[in-house]
Amino acid sequence: MNEKSCSFHSKEELRDGQGERLSAGYSPSYDKDKSVLAFRGIPISELKNHGILQALTTEANEWEPRVVSTEVVRAQEEWEAVDTIQPETGSQASSEQPGQLISFSEALQHFQTVDLSSFKKRIQPTIRRTGLAALRHYLFGPPKLHQRLREERDLVLTIAQCGLDSQDPVHGRVLQTIYKKLTGSKFDCALHGNHWEDLGFQGANPATDLRGAGFLALLHLLYLVMDSKTLPMAQEIFRLSRHHIQQFPFCLMSVNITHIAIQALREECLSRECNRQQKVIPVVNSFYAATFLHLAHVWRTQRKTISDSGFVLKELEVLAKKSPRRLLKTLELYLARVSKGQASLLGAQKCYGPEAPPFKDLTFTGESDLQSHSSEGVWLI
């Protein structure tokens with residue numbers, strides 16, 4: 001609507017000098033014979049006082065249409081075409097279900113249906129051991145993964161070989177969902193931009209930070225924020241990562257934990273639990289969440305800072321591979337208490353009470369003991 005064709009007035013203005021304003025500023029009139037509505041600058045609330053609304057709602061049999069100008073016809077055609085406008089080709093926003101969140105199961109199904117054969121050729125399902133190490137693993141190591149579960153394990157490792165493709169609508173929706181659930185935003189964001197640094201990526205393009213974990217790192221984040229049980233935990237860890245003293249890059253730390261999960265799977269540290277549950281993907285997801293929870297607990301209670309991150313991650317990897325079942329049990333207890341409102345990461349002592357000691361029977365390895373493991377990890381921070 002043209003700004004010059006309407007004006008707004010207070011109630012006092014309408015009550016005071018109503019007649020003066022009409023005579024001085026504008027004079028509405030309706031000529032019934034000529035069907036001309038002549039008004040200028042009349043508030044909508046005042047139209048009813050001058051019979052104009054009644055004239056506009058006259059029954060059809062009392063009104064005879066006149067010739068419609070070409071300008072009116074053109075304007076009507078343009079208005080009717082508004083709902084058919086399509087987004088421009090190459091837009092960064094997804095044209096497939098724009099703005100909708102994507103669940104973990106939907107994203108996983110995408111990878112189960114697309115051709116990943118070129119990526120599958122790159123995987124090495126288990127660590128190759130030779131000599132004494134192979135004998136020791138055979139005699140004292142964990143059991144081998146059941147044959148029927150190996151295809152599922154290979155899918156996990158294959159997804160870890162896939163990179164982020166900004167042209168794939170599903171990849172874009174995964175990123176958008178992670179951003180919205182962590183920030184609380186209801187709007188889509190650009191797939192490249194400085195806003196990703198706010199979530200804890202190193203730069204404007206999240207794809208550059210996925211080395212060592214691939215798209216599995218994003219699937220793990222998606223699982224964390226889309227599962228109603230783990231979402232509160234994810235949000236608390238995210239808040240901890242933005243602490244003015246103990247801050248750390250949230251997403252980058254998550255990528256490192258996904259890398260630990262990949263190594264634990266390849267070294268068969270999770271085989272016993274996978275065989276017990278007859279599943280691989282849920283076990284790997286829970287192991288990732290449990291490891292992230294333990295890191296956040298250590299980070300908060302021991303007042304770690306970004307300068308401690310490398311050593312903390314090395315200790316975390318050793319602990320996670322040594323006692324995955326204990327980590328998973330702690331996560332189970334933590335989530336059960338969160339659901340009852342009895343636990344909070346920022347008040348973590350509620351979770352690590354007498355019923356669930358914080359690994360008091362385990363000792364963290366020293367720096368000298370970690371040298372043999374340091375070459376296996378790809379620490380990004």
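Start by selecting Leu145: leaving aside residues up to four places away in sequence, Leu145 touches Arg150, Arg153, Glu268, Ser271, Cys274, Asn275 and Val280. Keep in mind as you click around that this is a predicted model.

Now show the backbone on either side of Leu145. You'll find this residue in the loop between α8 (131–140) and α9 (150–159). Is Leu145 buried or exposed? Its relative accessible area is 5%, so Leu145 counts as buried, the cut-off being under 20%. Next, add Gln278 to the selection and put a distance label between the two C-alpha atoms: you should read 9.7 Å, for a pair 133 residues apart along the chain.

**On to α14 and α16**

Select residues 250–266 for helix α14 and residues 281–301 for helix α16. Two packed helices are described by the angle between their axes and the distance between the axes. Here the axes come within 9 Å and cross at roughly 130°. That angle makes α14 oblique to α16, and the crossing is right-handed.

Turn on side chains to see who meets whom. From α14, pick Phe250, Met253, Ser254, Ile257, Thr258, Ile260, Ala261, Ala264 and Leu265. Facing them from α16 are Val284, Phe287, Tyr288, Thr291, Phe292, Leu295 and Trp299. Colour this contact by residue class and you get 13 nonpolar residues, three polar and no charged.

**Swing round to α12**

Leave α16 displayed and add helix α12, residues 216–226. How do the axes of α12 and α16 cross? They come within 10 Å of each other, at roughly 80°, which makes α12 roughly perpendicular to α16.

For the side chains, select His220, Leu221, Tyr223 and Leu224 in α12. Their partners in α16 are Val284, Asn285, Ser286, Tyr288, Ala289 and Phe292. By class, this contact has seven nonpolar residues, three polar and no charged. While you're there, highlight Val284, Tyr288 and Phe292: these α16 residues meet α14 and also meet α12.

**Last stop: colour by confidence**

Switch the colouring to pLDDT. Over the chain the mean is 76, and 64% of residues reach 70 or more. Which stretches should you zoom in on? One is residues 17–30, where pLDDT stays under 50 and the model has 32 contacts beyond four places in sequence. Another is residues 348–379, also below 50, with 57 contacts in the model beyond near neighbours in sequence.

Definitions and conventions:
Residues are numbered from 1 along each chain as its sequence is written. Side-chain values use heavy atoms; hydrogens and water are left out. pLDDT is the predictor's confidence in each residue, from 0 to 100. Contact means heavy atoms within 4.5 Å. Axes are lines fitted to C-alpha atoms, for helices over the stretch in contact, and angles run from 0 to 180 degrees between N-to-C directions. Helices (H or I, at least four residues) and strands (E, at least two) are DSSP runs, numbered from the N terminus. Angles under 35 degrees count as roughly parallel, over 145 as roughly antiparallel, 65 to 115 as roughly perpendicular and the rest as oblique. A crossing is left-handed if the near helix is turned anticlockwise from the far one by less than a right angle, and right-handed if clockwise. Ala, Val, Leu, Ile, Met, Phe, Trp, Tyr, Cys and Pro count as nonpolar, Asp, Glu, Lys and Arg as charged, and the others, Gly among them, as polar. Buried means under 20% relative accessible area, exposed over 50%, partly exposed in between (1.4 Å probe, protein chains only).
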